[in-house]
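Got the structure open in your viewer? Let's take a walk through it, one selection at a time.

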There are 2 protein chains.
Amino acid sequence: MSTIKDVAKLSQTSVGTVSRYLNGYPIKTVNKEKIEDAIKCLDFSINPIARGLKTNKTYTVGILIPKLANLFSTSVIEGMDQVFDPLGYSILVCDSKNSLEKEKEKLRLFKDKLVDGIILMPVNNTEQHIREIQENGVPIVLIDRLVNNLQCDGVVSDNVNGVYQAVEAIINRGHRRIAIIAGPQNIYPAKERLEGYLRAMKDYNIEVDHNLIYQNELTREGGYQGIASFCAMDEPPTAIFTSNDETTIGAYKSIIERGLLIGEDISLFGYDQTELCQMVRPQISVVIQPLETIGKRSAEILISRMKGDYTGFPIINRLKTEIVVTNSVKTIY
Amino acid sequence: MSTIKDVAKLSQTSVGTVSRYLNGYPIKTVNKEKIEDAIKCLDFSINPIARGLKTNKTYTVGILIPKLANLFSTSVIEGMDQVFDPLGYSILVCDSKNSLEKEKEKLRLFKDKLVDGIILMPVNNTEQHIREIQENGVPIVLIDRLVNNLQCDGVVSDNVNGVYQAVEAIINRGHRRIAIIAGPQNIYPAKERLEGYLRAMKDYNIEVDHNLIYQNELTREGGYQGIASFCAMDEPPTAIFTSNDETTIGAYKSIIERGLLIGEDISLFGYDQTELCQMVRPQISVVIQPLETIGKRSAEILISRMKGDYTGFPIINRLKTEIVVTNSVKTIY
DNA sequence: TTGTAGGCGTTATCAT
DNA sequence: ATGATAACGCCTACAA
């Protein structure tokens with residue numbers, strides 16, 4: 001590995017001049033050429049570690065997500081990559097495994113590794129450790145979930161209206177007994193999604209039967225159990241809304257196993273597009289979030305913060321969702 | 001941000017002693033306590049950038065994959081994380097977007113960022129740029145795909161036998177006209193999977209009709225087109241093997257759209273487990289690769305190489321697959 | 001516009 | 001076992 005000293009020697013200039021060349025300061029053309037030759041000749045490239053020691057910049061951003069292995073995470077990351085990559089930022093990816101402890105630990109790691117910025121999908125509503133990051137002067141952008149009592153930039157999808165539209169579509173097809181498989185109310189999108197449901201029911205003057213609100217973890221198992229719970233009722237719902245991809249899959253599984261026909265015996269509407277929802281017949285109706293855009297927007301905000309531009313803080317970007325309505329929702333007369 | 005100088009001052013020792021404490025060398029107990037107090041008091045933590053400048057270690061590994069946004073990639077990465085995380089390594093994740101140019105560029109980035117090691121799923125069979133990495137002394141482990149003419153550690157699944165068993169199972173259910181949707185033969189697993197097919201056919205004395213070998217990109221579109229091609233034949237196959245997750249999905253879609261019943265009108269056997277294959281009725285028969293294990297093993301090998309242990313180089317780990325046979329394959333009498 | 005030198009926070013080599 | 005000090009490779013006053 002050659003250093004700027006070597007380059008200086010070979011080009012018969014000084015380290016100062018080489019460094020200035022490297023950083024785009026004006027130098028004499030003759031020297032410029034000599035230096036460029038030397039760099040090529042030595043296959044020199046700048047050592048970012050040494051540079052970082054001086055500049056306190058690493059051109060690395062940390063991304064922390066509760067679960068890496070799903071389409072949501074990777075799509076979002078892909079969106080971020082589209083922004084960061086051309087600007088020369090690398091991404092350090094970590095998985096908090098849905099554990100607050102892990103989240104704290106990883107955030108500490110980011111701080112130690114001196115990332116220039118952080119994108120975080122927080123595990124829950126706890127804010128103290130995040131605030132500490134901010135106080136350390138490291139910009140941080142939240143995705144998917146905002147945190148109460150914390151002033152922080154964030155990019156989320158418009159959960160309330162997404163679900164509202166879904167429930168509205170269900171109602172418009174004649175349903176009245178509409179159930180929801182909801183998630184823990186201390187998780188931001190879970191809370192919002194339930195709110196969307198409640199608001200739609202209210203606006204259409206349908207009294208909410210609290211037995212039709214099933215609450216559990218937003219996992220496959222949660223979705224599976226939700227269906228079991230509804231099917232055990234004397235008067236089961238005619239349509240069910242599931243609050244995320246995992247619960248949709250679990251619900252689907254349970255419905256199939258019971259030999260029920262979706263769109264016939266029971267109507268189903270999910271949140272998040274998945275392979276399964278698209279390929280199965282009938283296709284499952286879903287609310288679609290703009291995943292890549294979430295990634296892109298969060299990256300863009302982070303970039304401007306890293307440049308020191310804090311206009312409009314805190315920016316909360318609430319991205320619109322789309323709905324795909326299929327005949328997984330029966331039309332009742 | 002406090003430094004070891006501050007710690008030394010506060011604890012009334014010297015930077016040397018503090019550094020030695022930090023690196024686990026023996027020091028007097030009194031000093032040890034004083035230093036620990038000072039560290040706590042100052043909330044000191046070591047600056048890995050500065051350390052890296054001296055040690056040429058960053059405790060970061062680079063992971064480069066052709067496409068991040070799918071279950072294969074994330075599962076493998078999750079496996080790696082299980083190994084790296086407890087050892088204090090962070091992972092720099094990059095997407096080569098199936099482009100050799102991007103792969104070269106990212107590999108250069110890794111070199112510049114001074115990662116301690118690299119895990120690479122190569123885009124194709126090109127080896128020169130990988131060899132350069134090796135010559136630079138940076139350990140590298142390949143996953144999923146080996147590269148011809150390159151001595152390099154690698155972890156792959158036993159594609160040949162995986163497909164062999166699948167085709168064997170199809171044959172044992174009475175099929176003779178068995179087709180395969182194969183991939184580009186300059187991609188390692190695609191080549192091996194076709195070989196598994198050919199070998200099984202040969203071993204069971206079934207003459208290969210070359211019209212039943214459809215070759216295309218291993219994409220959804222490829223799978224979709226494959227079915228179209230087979231269905232246009234005078235004497236279509238009774239069973240179809242698809243070479244990866246994407247082609248399976250594409251094939252499934254095409255079959256459904258044609259109104260054909262899987263396991264009845266046509267039999268289907270895929271490679272790689274997906275949501276879809278599990279949830280659909282009938283479930284799709286598949287060859288399952290041990291994804292997390294691929295991640296874990298590759299990480300373990302890389303760790304030992306980074307420690308300087310080069311025993312057995314090059315290690316090629318060929319992991320066994322499993323097959324799940326369902327009635328997506330009809331039994332013919 | 002240039003070269004020299006000091007410093008970023010560590011580690012490692014000296015004597016002691 | 002310890003303290004002082006010279007690196008590591010780069011950036012940036014400073015003086016010229």
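Before you click on anything, one term: helices here are DSSP runs of at least four residues, numbered from the N terminus. Also keep in mind that you're looking at a predicted model.

**Stop 1: DNA strand D and its surroundings.** Select DNA strand D and show the residues around it. There are 24 of them, and A:Ile4, A:Arg51, B:Thr17, B:Ile27 and B:Asn31 come nearest. On the DNA side, sugar and phosphate make up 62% of the strand D atoms that come within 4 Å of the protein. Color the surface near strand D by residue class and you'll get 9 nonpolar, 9 polar and 6 charged residues.

**Stop 2: the helices facing strand D.** Now select residues 15-22 and 48-55 in chain A, then those ranges again in chain B. These are H2 and H4 of each chain, and each of these helices brings at least two residues to the surface near DNA strand D. Which helix gives the most to that surface? That's H4(A), with 4 residues.

**Stop 3: individual contacts.** Zoom in on A:Arg51: a polar atom of its side chain sits 2.5 Å from a phosphate oxygen of DNA strand D. Hop over to chain B and pick B:Thr17, where a polar side-chain atom is likewise 2.5 Å from a phosphate oxygen of strand D. Then go to A:Ala50. Here a polar backbone atom lies 3.4 Å from a base nitrogen of strand D.

**Stop 4: the annotated stretch of chain A.** Select residues 2-55 of chain A. An unreviewed UniProt entry marks them as "domain: HTH lacI-type". In the model this stretch is 70% helix and 0% strand, with its end C-alpha atoms 20 Å apart.

**Stop 5: a sheet in chain B.** Leave the DNA behind and switch to cartoon view on chain B. Look for an open, mixed sheet of 6 strands in the order S7-S6-S8-S9-S10-S12. At its edges are S7 (213-215) and S12 (322-324), each pairing on one side only. From one strand to the next, the twist averages 15°.

Next, highlight S6 (178-182) and S8 (239-242) of chain B: they run parallel and are joined by 4 bridges. Show B:Ile178 and you'll find B:Ala239 of S8(B) opposite.

**Stop 6: helices across the sheet.** Finally, add residues 188-203 of chain B. This is H9, which lies across S6, S7 and S9 (267-271) at about 165° to S6(B). Then add 220-231 for H10(B), lying across S6, S7 and S8 and running at about 150° to S6(B).

Conventions: Residues numbered from 1 in each chain as written. Chains lettered and ligands numbered in written order. Predicted model: local features only at pLDDT ≥ 70, side-chain atom pairs only at ≥ 80, totals over all residues. Heavy atoms only, no water. Near = heavy atom within 4 Å. Polar contact = N/O pair within 3.5 Å; in protein donor to acceptor, adjacent residues only side chain to side chain. Nonpolar A, V, L, I, M, F, W, Y, C, P; charged D, E, K, R; others polar. Pairing = 2+ DSSP bridges. Axes fitted to C-alpha atoms, helices over the stretch in contact; angles between N-to-C directions. Contact = heavy atoms within 4.5 Å. UniProt positions renumbered as here; feature names shortened; annotations may be inferred.
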